[in-house]
Amino acid sequence: MIPDDALRVARYGTAEEFLRDVGPFLMADEAENALMIGVAEALVGQASPAYFAAVHLDGAPVLAAFSNHPEKLGLTQTGETLAVTALVDDVLAACPHITRIGGPEPTVAHFVATFVAHTGRRVTDRMGTRIHRLDALRPPARIPPGRLRVAVEADLPTLVPWVEDFLVHIGDQGEARQIAEVRVRGGQVFVWEDEAPVSMAAWTGKTPNGVRVNLGYTPPALRGRGLASATVAALTQSLLDQGNHFCCLYTDVTNPISNAIYARLGYQPVAEAALY
């Protein structure tokens, strides 16, 4: 039985404070926690209303959470049941409008169940995801015609509908045009070009040793030609060549095609997760 005074929830006013105190805990599973680390790293030096918190047991972090969007919350894994209950109380006080909660299983399921019990809300959807890590690329056996290049603003009429379809698939209500414009202007989006863009992928969330690959998308009419494999492989190798020790990404567990593509390239599962 954990004494009541052994658990403490700490909130952090800045990303720097959060990383200084909770960073070693997050870095113990860097790929699994890449989303949280990457968001915090990106907010260093910025005045941000983001919520960063951690539950400490006898002074050491055992569970962390963040929210950089009024309706979204992300969690880490924990083995401490009482830490989840303590965090739910703090999240409800600090982030009352949360409607989407994600993180590794089984912690996120326990958190959501406690959250629902406290609020009387109900779960309307669950998307199972899998977190993967790659340390060395296995290049595709077949490379389709074309080449990888960084996306430019002239590509936005093509990319905005792609991003919109991608967001619909993952159940995200983000603004596709804004996301595409910001990411393209930041040099984070890449396309496979065969006379015109035929596939895309992007990077985000730099961590001390790695980087996250996302926005992998090929239009339905062009799928089955190896374009997704070529795009993700070329971007992954470029990111490794830039000095990243690993790349990581999330997949939809119900999509066997994308999971098989990434597995062939060398991406290996490190954790099961979900978005509720």
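This report walks through a pocket, a nonpolar core and two buried loop residues.

Keep in mind that the model is predicted.

**The second largest pocket**

Let's start with open space. The second largest pocket holds about 420 Å³. Its lining runs to 21 residues, and those nearest the centre are Thr99, Arg100, Thr124, Asp125 and Tyr276. Sorted by class, the lining has ten nonpolar, six charged and five polar residues. Three elements each put at least two residues into this lining: strand 5 (100-104), helix 4 (107-119) and helix 5 (156-170). Helix 4 gives the most, with three residues.

**The largest nonpolar core**

Nonpolar side chains tend to be buried together in soluble globular proteins. Here, the largest nonpolar core has 25 residues, and the members touching the most others are Tyr51, Leu73, Leu75, Leu87, Val91, Ile101 and Phe111. Strand 2 (51-57), strand 3 (60-69), strand 4 (72-75), helix 3 (81-94) and helix 4 each bring at least two residues to this core. Helix 3 gives the most, with five residues. Helix 4 turns up twice, then: it supplies residues to this core and to the lining of the second largest pocket.

Tyr51 is worth a look of its own. Setting aside residues up to four places away in sequence, Tyr51 touches Leu73, Leu87 and Val91, and also Arg11, Ala65, Phe66, Ser67, Asp90, Ala94 and Cys95.

**Two buried loop residues**

Asn244 sits in the loop between helix 7 (227-241) and strand 11 (246-252). Why does Asn244 count as buried? Its relative accessible area is 9%, so Asn244 falls under the 20% cut-off. Beyond its neighbours within four places in sequence, Asn244 is in contact with Lys206, Asn209, Gly210, Val211 and Leu239. Two of these contacts also show up in the table below, one with a side chain and one with a backbone oxygen.

Tyr267 is in the loop between helix 8 (256-265) and strand 12 (268-275). Tyr267 counts as buried because its relative accessibility is 0%. With neighbours within four places in sequence left out, its contacts are His132, Arg133, Leu134, Val213, Val232, Thr236, Cys247, Cys248, Leu249 and Tyr262. For a longer-range reference, Tyr267 and Ile37 are 230 residues apart in sequence, with their C-alpha atoms 20 Å apart in space.

Here are the polar pairings for these two residues.

| Side chain | Partner | Distance |
|---|---|---|
| Asn244 | Lys206 side chain | 3.0 Å |
| Asn244 | Leu239 backbone oxygen | 2.8 Å |
| Tyr267 | Thr236 side chain | 2.8 Å |

Note on methods
Residues numbered from 1 in each chain as written. Predicted model: local features only at pLDDT ≥ 70, side-chain atom pairs only at ≥ 80, totals over all residues. Heavy atoms only, no water. 1 Å grid on protein atoms, 1.4 Å probe; cavity = no way out; pocket = protein on both sides within 12 Å on 5 of 7 lines; lining within 4 Å. Points joined across faces, edges and corners; volume = space filled by probe spheres on them. Helix = DSSP H or I, 4+ residues; strand = E, 2+ residues; numbered from the N terminus. Nonpolar A, V, L, I, M, F, W, Y, C, P; charged D, E, K, R; others polar. Core = buried A, V, L, I, M, F, W, Y, C linked by side-chain atoms within 4.5 Å. Buried < 20%, exposed > 50% of the residue type's maximum accessible area, 1.4 Å probe, protein only. Contact = heavy atoms within 4.5 Å. Polar contact = N/O pair within 3.5 Å; in protein donor to acceptor, adjacent residues only side chain to side chain.
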